[in-house]
Amino acid sequence: MGKLYDLLLQDVRFKEGLNACMNCGVCTAICPAAEFYKYDPREIIDTVQTKDEAKIEALMRSETIWYCGQCMSCKTRCPRGNTPAMVVMALRSVSQKLGYFTDSEKGRQQFAIKRTVGENILKYGYCVPTYAVTPEMHPEQGPIWSYINENIEEVMERLGANLRKPGPGSMREIHQSNLDELDRIFEVSGGHNLYNDIERFSEKKADEMGMEFKKEGTDNEYFRHVYTFNSGNHSRE
Amino acid sequence: MEEKRNIWKDYQKEIADDHYYYVRSCIRQSFFPASEEFFLKVLKDELGKDIFDDPNHTTCTGIGYHADVVPFETIMTVVARHFALMKESGYKNIIISCVTSFGIYTEIIETWKHFPEVLEKIRENLYKATKREFDIPLNMTHSSDIIYKFRNEIAEKANYKLINQLTGRPLNVVEHIGCHYSKMFPKYGVGGAEFPLVLAGMIKAWGGDVIDYPERRHCCGFGFRQYLVQANRGYSAANSKKKFESMEPYKPDLVLCNCPGCTMFMDKWQYTISELEGKTYGENNQGVPVLTYEELAGLVLGYNPWDLGLQFHQIQSEPLLRKMGIDFSPEDKYKTRSGIQMPMPECPANINF
């Protein structure tokens, strides 16, 4: 078999997620992403099971694989027990490993997710702690979220949380020894490698696009671009 | 008939009776911290259960995993660490406070069953990284499963019911169980994917009516990367809008959510839709309150709604409190724990606040 298909086969989610698709299209019928985007999970599975390397590479470089919202509704409904959403995860993994993700507008957004949620995990021990979900980056959270952030100590105390303090409780500070264990887990299990791949390929792409790139943080042109830019070519309307 | 009874067994879930190890949720803690504190309180104080709140566990990394910045092998090892902490604490029953995490835990355990070599690899990873060893939990539940199990005990202690005190009729409740609760591995959910009963059971036990509307099982629209990246949020809002449009004719009094992410989105997207389109759902342009099951259980048991954190939702809950006949203090709403008056939040332009 080809190199890309072999890489997909190394992912247990791919083995588990794709048996033999009969192209019935039930996954597409139930899929929220197929309703919103120009997206058809049936076509993805159909392409992958051809084992055609050129077609699989084109898929990995495309916008298409980034449209899935991971709701997993396809898993419940597939009469063959396939899970297109898990096949999509395997495709995204290889796309990032090989740097194909920076070829697409939606793929390039991985850099924004790594710099926000990805870094929150290792810095705080939480994916989305209250204080890292800033109203500036999340205006859709409304005035109540701005209020909570402006009065975070009082709000958290009123609600019985243990904000950024040692010991148990909501929003407690995760002890450094636990963060260190998390970091070592990332080291032995490939987590750091993926972060490094995303950074390396994104820096290269920023250079190609002539955009400012900084080694840390969200205050740089490339981050702002991938976080906010929408070409308007994705949805069905 | 016997055969039919056996079929129904597939939709039942065994839920441990006592002695739990609790793992918290990133979103529930960040957006609804009082819900987790109330859950622990009700289990210990109201139901007399043993539950351990271990400060040493971390995020499961699930939001990063489904947004594809955390590898499967990494999240499996992080979850294995939680299992190791549980073992070291002497517990065998785990309660998970997040539907995303819960789905991940089920996916991991099923993966280990199908691919034993992966389980061995994760054992090696964890030992190499932390020198810890783990056992797979004997019983794995989402925290709503526990409230469901004890729903009748809560009903017996109830101060308020889900009955409209003005009309004497049951409240119309939309329930939203969240995709990852049982769409992936139905056997882990109460009622499976086809007859999910986890929230409907609470609503019925506490006196309400469950609304069965066309888009009842549609995703709230979180979509992980579809929300996390600002450029994609149209996807997320559009899905919530589809649900609200579908439930609107049934005049819901509240939405009850299983997943903390869904709770947050179905609350906040009502604001966004009102800003974008001038459309506000619910009676008198007040929006439809969206509650966690802990918050609803707290109201039923007679806890102060402001200690439960209802004032920190974007959609305010006074219309619901009045319908339930709850005696609440408007003056206490925005006060600190010690009773000092806090500033008032800004009113959204298109929602009666």
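Visitor: Which residues of α6(B) are buried?

Guide: This is a predicted model. In it, the buried residues of α6(B) are B:V99, B:T100, B:S101, B:F102, B:G103, B:I104, B:Y105, B:T106, B:E107, B:I108 and B:W112. To be called buried, a residue needs 20 or more other C-beta atoms within 10 Å of its own.

Visitor: How do you know that the span of helix α6 of chain B agrees with what is expected at 1.5 Å a residue?

Guide: Helix α6 of chain B has 16 residues, 99–114, so at 1.5 Å a residue the span should be 22 Å. The end C-alpha atoms are 22 Å apart, and therefore the two values agree.

Visitor: What makes both faces of strand β1 of chain B covered?

Guide: On one side of the strand, residues 20–23, B:Y20 and B:Y22 are buried, and on the other side B:Y21 and B:V23 are buried. In a regular strand, side chains alternate between the two faces of the sheet.

Visitor: How do you know that β1(B) pairs with strand β2 of chain B?

Guide: Pairing requires at least two bridges. Three bridges join β1(B) to β2, residues 51–53, and the strands run parallel. B:Y21 stands opposite B:F52 there.

Visitor: And what joins β1(B) to strand β3 of chain B?

Guide: Four bridges do, again with the strands parallel; β3 covers residues 93–96. Here B:Y22 stands opposite B:I95.

Visitor: How many residues of chain B are in contact with chain A?

Guide: 69 residues of chain B contact 72 residues of chain A. Helix α5 of chain B, residues 72–88, gives the largest share of chain B's side, six residues. By class, that side has 30 nonpolar, 26 polar and 13 charged residues.

Note on methods. Residues numbered from 1 in each chain as written. Chains lettered and ligands numbered in written order. Predicted model: local features only at pLDDT ≥ 70, side-chain atom pairs only at ≥ 80, totals over all residues. Buried ≥ 20, exposed ≤ 12 C-beta atoms within 10 Å, placed from the backbone. Helix = DSSP H or I, 4+ residues; strand = E, 2+ residues; numbered from the N terminus. Expected span 1.5 Å × (residues − 1). Contact = placed C-beta atoms within 7 Å. Nonpolar A, V, L, I, M, F, W, Y, C, P; charged D, E, K, R; others polar.
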